[in-house]
Amino acid sequence: MSSSTRLGCGRDIDEVWANIDAPPTPHELTCPFCGAARDSLHELERATAALRSADDEDPQLQAGPQVIARILEVARSEARRSRRLPLSKPRPGQVSDELTVSEQAVAAVVRRTGDRHGGLQVRRCSIDLVTAAPAVDGPGPDDEEVPESGVPSDVRVTLRVSVRSDVAIPLLTRELRAAVMEVVDREVGINVVGVDVAVEDVHDA
């Protein structure tokens, strides 16, 4: 059998690499092919460690606060992946057969919409299902309005953003709210009843 990683003695280079941190075997002590391979692999290991150390100390290769914030937000989104939102307003007795969408999927649509707006960066996004508050002094259970089948669910979107220093914040947030409502309705099929936008930072133009 021929192999590009096969040494002249018949061993595979992977076998040498697997033993690289241990003392050489009796075969490796006397085999010129394995001895040369170990020397090359040790040299490669030292060069890789040096490059990794240089990268760790190079400020140009360090992640900035915005990159770190985005990474953490993605991690949080993954953690919320199991949270499901019903596509339609639930009806009495409807529990298991309703269609749902993950909060992460809706947040991804919102984020993409926000990122298309020049002048802002979406840092955090959360989606909350809006349900009717229970009546305190209103009609009894028999008189409560039962939602029709297939009526889109209501959600509220909360965004925390950073805006560019040269943009008009009221106009930008107004356009963002309208765009989020339109895109989520069109692409997901649920109703955004409100978009809360919190500007938590300003970045350079």
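**Figure 1. Salt bridges in the predicted model.** A search of the whole structure, which is a predicted model, finds 10 salt bridges. Side chains of opposite charge can pair when their charged atoms come close. Three of these pairs are shown in the views that follow, beginning with Arg11 and Glu28.

**Figure 2. The salt bridge between Arg11 and Glu28.** The closest N and O atoms of Arg11 and Glu28 are 3.1 Å apart. This pair links distant parts of the chain: Arg11 sits in the segment before helix 1, while Glu28 belongs to helix 2 (residues 26–30), and 17 residues separate them. The two side chains are also joined by a polar contact of 3.1 Å. Both Arg11 and Glu28 are buried. Arg11 has a relative accessibility of 17%, and therefore counts as buried, because buried means under 20% relative accessible area.

**Figure 3. The surroundings of Arg11.** Helix 1, which follows the segment holding Arg11, covers residues 13–18. Leaving aside residues up to four places away in sequence, Arg11 touches Thr5, Arg6, Val16, His27, Glu28 and Cys34. One of these residues, Cys34, appears again in the view of the cysteines.

**Figure 4. The salt bridge between Glu187 and Arg112.** The side chains of Glu187 and Arg112 meet at 2.4 Å, N to O. Distant parts of the chain are linked by this pair, with Glu187 in helix 6 (residues 169–187) and Arg112 in helix 5 (residues 103–115), 75 residues apart. Glu187 is partly exposed, with a relative accessible area of 38%. Arg112 also counts as partly exposed, at 32% relative accessibility.

**Figure 5. The salt bridge between Glu200 and Arg123.** Here the closest N and O atoms are 3.8 Å apart. Glu200 lies in strand 5 and Arg123 in strand 3 (residues 120–130), so the pair ties together parts that are 77 residues apart in sequence. Glu200 counts as partly exposed at 34% relative accessibility, whereas Arg123 counts as buried at 15%.

**Figure 6. A network of salt bridges around Arg11, Glu15, Glu28 and Arg38.** Salt bridges with shared partners join Arg11, Glu15, Glu28 and Arg38 into one network.

**Figure 7. Cysteines without a disulfide.** The search of the whole structure finds 0 disulfides. The cysteine sulfur closest to that of Cys31 belongs to Cys9, at 3.7 Å, which is too far for a bond. For Cys34, the closest cysteine sulfur is again in Cys9, at 3.6 Å, also too far for a bond. Neither distance meets the cut-off, because a disulfide needs two cysteine sulfur atoms within 2.5 Å. Cys31 counts as buried at 8% relative accessibility, and Cys34 counts as buried at 0%.

**Figure 8. A nonpolar patch on the surface.** Ile169, Val199 and Val202 make a nonpolar surface patch of about 210 Å². Val199 belongs to strand 5, which covers residues 191–203. With 35% relative accessibility, Val199 counts as partly exposed.

**Figure 9. The whole chain, for orientation.** The protein chain has 6 helices and 5 strands. From the N terminus on, its elements run α-α-α-α-β-β-α-β-β-α-β. The chain has 205 residues, of which 27% count as buried. Its accessible surface comes to about 13200 Å², and 54% of that belongs to carbon and sulfur atoms. Among contacts between residues at least 6 apart in sequence, 67% join residues at least 24 apart.

Notes. Residues numbered from 1 in each chain as written. Predicted model: local features only at pLDDT ≥ 70, side-chain atom pairs only at ≥ 80, totals over all residues. Heavy atoms only, no water. Patch = residues over 30% accessible without salt bridge, like charges linked within 9 Å, V, L, I, M, F, W, Y side chains within 5 Å. Areas by Shrake-Rupley, 256 points an atom, 1.4 Å probe, with all protein chains shown as cover. Salt bridge = Lys/Arg side-chain N within 4 Å of Asp/Glu carboxyl O. Helix = DSSP H or I, 4+ residues; strand = E, 2+ residues; numbered from the N terminus. Buried < 20%, exposed > 50% of the residue type's maximum accessible area, 1.4 Å probe, protein only. Polar contact = N/O pair within 3.5 Å; in protein donor to acceptor, adjacent residues only side chain to side chain. Contact = heavy atoms within 4.5 Å.
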